Amino acid sequence: MATLENKRLPLSQLAPGQEGVIVAIRSHGPLRRRLLEMGLVRGEPIFVERVAPLGDPVEYVVKGSHLSLRRRDAADIIVELNEPEAAHDA
Amino acid sequence: MTRSRPIRVALAGNPNAGKSTVFNALTGAHQHVGNWPGKTVEKKEGFFTHRGLKVEVVDLPGTYSLSAYSPEERIAQAFITEEHPDVVVNVVDASNLERNLYLTAQLLEIGAPMIIVLNVFDVAEQLGYRIDIERFARLVGVPVLKAVASKGVGIDALREAIFQIAETPESAIPAPTLHYDHEIERAVRQLTDALADLPDLQGYRPRWLAVKLIEGDAQARRVVSQSPQAAAVLALADRLLDKLHRVYGEDVDIALADARYGFVRGLTRQVLTRPQQPPRTFSDRIDQIVTHRWLGIPLFLFLMYVVFNLVQNVAAPFMDWIDALISGPVTGWTLVGLHALHAPGWLVSLVVDGAIAGVGSVLVFVPSLMVMFFALAFMEDSGYLARAAFVMDKAMAFLGLNGRAFIPMILGFGCNVPAVYATRTIEHRSARILTGLLIPFMSCSARLPVYVVFGMALFGSRAGLVVWGLYVVGVVVAALAGWALARWAFPDVRKSVFVLELPRYRWPTPRGLWLHTWEHTEEFVRKAGTVILGIALLLWLLLNMPWGVQNPADSYFGKVSQAVAPLFRPAGFGTWQAAGSLISGFVAKEVVISTMSQIYIGEEEARQPTPASRDPWADARDTLVGLGQASLDAGKAFLDALTPGISLFPHAEDTSNQTALSRALRGAFTPLSALAFLVYVLLYTPCVATVAAQAQEYGWRWAVVSVGLGLSVAWALATGVFQIGRLLGVG
């Protein structure tokens, strides 16, 4: 069983179909402000919708709205992975 | 109570919330587009009359929040807090409530009389959302209305609500319900108390100023510092802020945002019920194709091909029609009129060769600009433009630009003028300017005739290769220049943020499309048109002074050309004829060829049919028939554009007879110097219309930089081609 510690990772490492909960935003300056106003705040779930044809940027869903972030920028957002109901053994 | 002055309304809301649709529905045709003073941000104003009272509406820039960071946000915030509109109408996308209400939370804090409009309510209902409007209004203390602005639903109610609130503003002052984190709230209250004692706050709510001071907002600081006892309060603010930084570290802004979203979450929990699992919408299904791994890019390129064809081919018949109208009946009848007035020869020439020709060169851009603005508005309003940027972003990231820069660059192949205007869709000013500086290197269609004439005269069977090579050179130069400029001149472009909202797809409203197309075209004629006309008149003056010159070589134009010519000697075409045709090419690139025919083979100007010979009926008939034919041709071109590769209406290429000019060119150029000349034509300033468009969009300083960049890059490469060619012994 993975510990909580293990499940913390940069948003950029999530694959399409995965969902995480934002735990920290390490971006600075205008990007940080833009992320906040687009609804990327701590405790918010964020879902990876798809990757652009050329591999970057990536489309995410936050608060029901779709937005695109470059991988470089998503790397500064730390999320906790939400396991997609894998706990069938319960 | 009777009012003497009109009601003033400000529309505020997120981008993509349908703010423009509400604006259009409210004001109809009574609107005007301009710029905010000293800014390149578009300002839309309009009015309507309700119960005999004039209501003025200002459409504020779409923003996700209110702060003093981006020009758009500064404008929106300053307008509401400094201009004190009677009513602030906050347009909210009801299908995306939570994100949109973040701005609403900030607007409520300002404390201005406000109405919340829940727009695209129909989509929210389709998604299964249920919103308790009455409860919503009670909780925020301001009227809340639902609307579907694209169908005109709820607009009358909005008009009435605006009217009511302007009469009794007290009924729409929001209740202060947003509370911050413990430490921040304490600091805000301490500051609010201190601010409340200041004598002159110009109508600002002390609490709003306190929050803004904590946020480090420059506008709030400026307002406070104008008060006589400001120093003590500002010192207190700094002390409190220091303390907060010790508690929260860097995250004071996050704590503020958290509190606002906390408020929004609490609000939505009480007014919104939505299904557990949001249904897959039509929009999602479109995106599965449009942004698909393999289909995304081919689909984008196909759509660009269609748009490009529309701009090129659908506009072309109308451009020819305008051209024929101006050079035919308009010129003819002016000559008749001037003749009747016994106007002197110089005046006739000034009016006909200067003014009318100048107006013609402005109007000739109108059809392609209208098509381009229409296509762009369609892509933007439907939501596709954001997807195009998403799909192409990585390709443009190399240049330090983002995906939004791709479309203007492609349009540049058709005509640089609409391409420059298309950079408006790029969010950041530096990125917009950088793109605008690169567009002139994209070989526009006006350069093609020059390539073709030279190609046929000097390159024979290899002409096609030369033309193709020139296009490639243009793209390579643009890429290299973009890379270098982003690296050294626009370092902030590389760092600029690219967070892009992918809004839900929707059908653009015909009225919105038409208004967008018409207003921007009109703006071009008004602003850029004046500049183009001025340059055309200047060129006329140079060509005809001193008055009565017969040989162009003796005119001021000839003198200037002779003075400039030596500069081109290293590039292999240092003759005054070549220099002169390049100078006149400033008006439009294809003019290079007509100037060359005039000065190399002394082509007689075949104009001035005897005035008496004009038949008004024939002119009127020809003009109307011409317009009909143009519409027909445009229709065919439209269908052709939608079926690429298959021409539904094949037409014979007209083979123009250029033999005299060809012979002259073979005498004046070697293949090597011709190649250098073509490279120069490709890269130097495209035309005065492009420069005027750049000046309108980015300011004169950047237009001048672009001209300088074009001239120097063109000279360097043309010289390089000629000198290297000579070393290799090709010349």
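Where is the place of B:Asn16 in chain B? In this predicted model, B:Asn16 lies in the loop of chain B that runs between β1 (7-13) and α1 (19-27). The backbone of B:Asn16 has a positive phi of about 70°, although the residue is not a glycine. With a relative accessibility of 32%, B:Asn16 counts as partly exposed, since that value falls between the 20% and 50% limits used for the buried and exposed classes.

A positive phi is also found in chain A, at A:Lys63, where the angle is about 50° although this residue, too, is not a glycine. A:Lys63 is placed in the loop between β4 and β5 (65-69) of chain A. The relative accessibility of A:Lys63 is 8%, and A:Lys63 therefore counts as buried, the limit for that class being under 20%.

Chain A as a whole is built from two helices and six strands, and these elements follow one another from the N terminus in the order β-β-α-β-β-β-α-β. Chain A has 90 residues, of which 52% count as buried, and its accessible surface comes to about 4,200 Å², with 52% of that area belonging to carbon and sulfur atoms. When contacts within chain A are restricted to residues at least 6 apart in sequence, 58% of them join residues that are at least 24 apart.

Two further loops of chain A can be described in some detail. The loop between β1 (8-10) and β2 (19-25) of chain A holds A:Gln13, which counts as exposed because its relative accessibility is 55%, and the limit for the exposed class is over 50%. A:Gln13 and A:Ile78 are separated by 65 residues in sequence, while their C-alpha atoms are 9.8 Å apart in space. The loop between β3 (45-51) and β4 (58-62) of chain A contains A:Pro57, and the peptide bond that leads from A:Asp56 to A:Pro57 is cis, with omega near -10°.

The interface of the two chains was examined next. In this interface, 41 residues of chain B are in contact with 35 residues of chain A, and the two chains bury about 3,600 Å² between them, 53% of it on carbon and sulfur atoms. Five salt bridges are found across the interface of chain B and chain A, and a salt bridge also describes the meeting of the side chains of A:Arg32 and B:Asp253, with a distance of 2.8 Å from N to O. In addition, 14 residue pairs are in polar contact across the interface, with both residues of each pair at pLDDT 80 or more. The side of chain B that touches chain A draws at least two residues from each of α3 (97-110), α11 (252-271), α12 (282-290), α13 (296-340), α16 (384-397) and β10 (500-501). By class, this side of chain B consists of 17 nonpolar, seven polar and 17 charged residues.

Chain B also includes helix α25 (residues 576-584), in which seven of the nine residues are buried, so that this helix is largely enclosed by the rest of the structure. The buried residues of α25(B) are B:Trp576, B:Leu582, the two alanines B:Ala578 and B:Ala579, B:Gly580, and the two serines B:Ser581 and B:Ser584.

Technical notes:
Residues are numbered from 1 along each chain as its sequence is written. Chains are lettered from A and ligands numbered from 1 in the order in which they are written. Side-chain values use heavy atoms; hydrogens and water are left out. Helices (H or I, at least four residues) and strands (E, at least two) are DSSP runs, numbered from the N terminus. Buried means under 20% relative accessible area, exposed over 50%, partly exposed in between (1.4 Å probe, protein chains only). Contact means heavy atoms within 4.5 Å. Accessible areas come from the Shrake-Rupley method with a 1.4 Å probe; for residues, only the protein chains shown count as cover. Buried area is the accessible area (1.4 Å probe) that two parts lose on being put together, summed over both. A salt bridge is a side-chain nitrogen of Lys or Arg within 4 Å of a carboxyl oxygen of Asp or Glu. A polar contact is a pair of N or O atoms within 3.5 Å; within protein, one must be able to donate a hydrogen and the other to accept it, and residues adjacent in sequence count only if both atoms are side-chain atoms. Ala, Val, Leu, Ile, Met, Phe, Trp, Tyr, Cys and Pro count as nonpolar, Asp, Glu, Lys and Arg as charged, and the others, Gly among them, as polar.
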